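Me: I have a model open and want to learn to read it. Can you take me through it feature by feature?

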Amino acid sequence: MLVGVDLGVPHFDRELIELGLLAETAGMQPVARLACKRPAPDAALFVGKGKVEEIRLLAASEGAQEVLFDQALSPVQQRNLERALGLPVNDRTLLILEIFAQRARSHEGKLQVELARLQYLSTRLVRRWSHLERQQGGIGGRGGPGETQIELDRRMIGEAIKRTKERLVKVKRQRQTQRRQRERRQTFAISLVGYTNAGKSSLFNALVKARAYAADQLFATLDTTTRQLYLGEGAGSASLSDTVGFIRDLPHGLVEAFEATLQEAADADLLLHVVDAANPAFPEQMAEVQRVLREIGADRVPQLVVFNKLDALAPGQRPPALQDTMDVGGQVQARVFVSARTGEGLALLRQALAERVQVAAMDKAAAESPPDAIGHNAWLESRDIDE
């Protein structure tokens, strides 16, 4: 059963469409949905006692086996709700973590998900083991209380977090080495970013003729894939990276855990901000992507906005031109409309990328070349005249 609470935020999903998609991606089947409105969350139950009873009755009548909240619950709220409802209660954060755990394929991806999961679990040990807190330490039953189960769990999780962080540091070093090698080869780096299910992997496959996994579902891609993208004789090749998709209320722990992967976006020369043109909520999705880019320090990287899924637009919704500009976070950005499925607009996108690569190469050559003799002599003459 899906439950959402409108706390006055502008992007509240009253139909719980996105939460339902997340649940289906995790292998669950939503059987009931309930949305309510509150000025602020209840400290003990997140919702009021009357609403808890309404949830309990609806879940029982529909045969729900679990209750999912669209917002993050505190450990105390989760425990109280489980006692009141008699069902497992989880929140959006855990649901995203479950999906990430199912989808991670690479060693790095699995480590990142494991770190985020351990950090989440470390806050969920509030009085879950109170029945074991009467253990005694010392010889012959004398002495004070020994190490309780909750303390044991905290220590074990703390040690596991430390080990996982150490492994991720090694992975980060390896990625930095790979990036330095690309920089030495003077390869122009392009990263695909965007809201989950905007079609980044499909666009990646269409551009580089790759076979990266792509599906009409949330978080189809977690592991960063990099391929060479040939842009013609004038521009040569660039490296194109497909990164993990963003989502509203992406758990902060996941942003921290995926720092090594998201660093590809922060270190890129150009970001292809892929947008689902057929989704009516694309303005809110774009704003969320910009927020995460600011959080990882990638907001100053130049962007090219790509409105994907042109084939899914009705004839009356199609743009008058496949190339124009739009305001993104107070900055005017170039925009290209494409369809990764049919190939429409891809030639224009390649041309726009080739132009960016050529301009970057010219700027770099101008910055590295010494001043020419004519310019230097002219500077000397003007200096003599001034003197």
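Me: Start with one residue. Is Arg92 buried or exposed?

Reply: First, a caution: this is a predicted model. Now the general idea: a residue is buried when its relative accessible area is under 20%. Arg92 has 2%, so Arg92 is buried. Arg92 is found in helix α4.

Me: Which residues does Arg92 touch, leaving out those up to four places away in sequence?

Reply: Glu18, Leu22, Phe69, Asp70, Gln71, Ile247, Arg248 and Asp249.

Me: Show me a contrast. Why does Ser61 count as exposed?

Reply: The cut-off for exposed is over 50%. Ser61 has a relative accessibility of 54%, so Ser61 counts as exposed. Ser61 is found in helix α2, residues 49-62. Its side chain reaches the backbone oxygen of Leu58 at 2.9 Å. Look also at Ala32: Ser61 and Ala32 are 29 residues apart in sequence, and their C-alpha atoms are 9.5 Å apart in space.

Me: Now the sheet. What is the order of the seven strands in the open sheet?

Reply: Read a sheet across its strands, by pairing. Here the order is β6-β7-β5-β8-β9-β11-β10, and the pairing is mixed. At the edges sit β6 (225-230) and β10 (323-328), each pairing on one side only. On average, neighbouring strands are turned by 30° against each other, direction ignored.

Me: In what sense do β6 and β7 pair, and over how many bridges?

Reply: Antiparallel, over six bridges; β7 spans residues 237-242. To find the register, pick a bridge: Thr226 has Ser241 of β7 as its partner.

Me: Which strands does helix α10 lie across?

Reply: For a helix on a sheet, check the strands touched, then the angle. Helix α10 (residues 282-295) lies across β5 (188-194), β8 (270-276), β9 (303-308) and β10. Against β8, α10 runs at about 150°.

Me: And the nonpolar interior? How many residues has the largest nonpolar core?

Reply: Count the members, then look for those with the most contacts. The largest core has 36 residues. Ile96, Phe246, Leu254, Leu271, Leu293, Ile296 and Ala298 have the most contacts inside this core. Several helices each supply at least two of its residues, among them α1 (17-25), α5 (107-121) and α10. Helix α4 gives the most, with six residues.

Me: What does Leu254 touch, leaving out residues up to four places away in sequence?

Reply: Ile96, Leu97, Phe100 and Ala116. There is also a second, separate core of 28 residues, which includes Leu229, Leu240, Val274 and Ala352.

Definitions and conventions
Residues are numbered from 1 along each chain as its sequence is written. This is a predicted model: local features need pLDDT of at least 70, side-chain atom pairs count only at pLDDT 80 or more; totals for chains, interfaces and linings use all residues. Side-chain values use heavy atoms; hydrogens and water are left out. Two strands pair if DSSP finds at least two bridges between them. Helices (H or I, at least four residues) and strands (E, at least two) are DSSP runs, numbered from the N terminus. Axes are lines fitted to C-alpha atoms, for helices over the stretch in contact, and angles run from 0 to 180 degrees between N-to-C directions. Contact means heavy atoms within 4.5 Å. A nonpolar core is a set of buried Ala, Val, Leu, Ile, Met, Phe, Trp, Tyr and Cys residues joined through side-chain atoms within 4.5 Å. Buried means under 20% relative accessible area, exposed over 50%, partly exposed in between (1.4 Å probe, protein chains only). A polar contact is a pair of N or O atoms within 3.5 Å; within protein, one must be able to donate a hydrogen and the other to accept it, and residues adjacent in sequence count only if both atoms are side-chain atoms.
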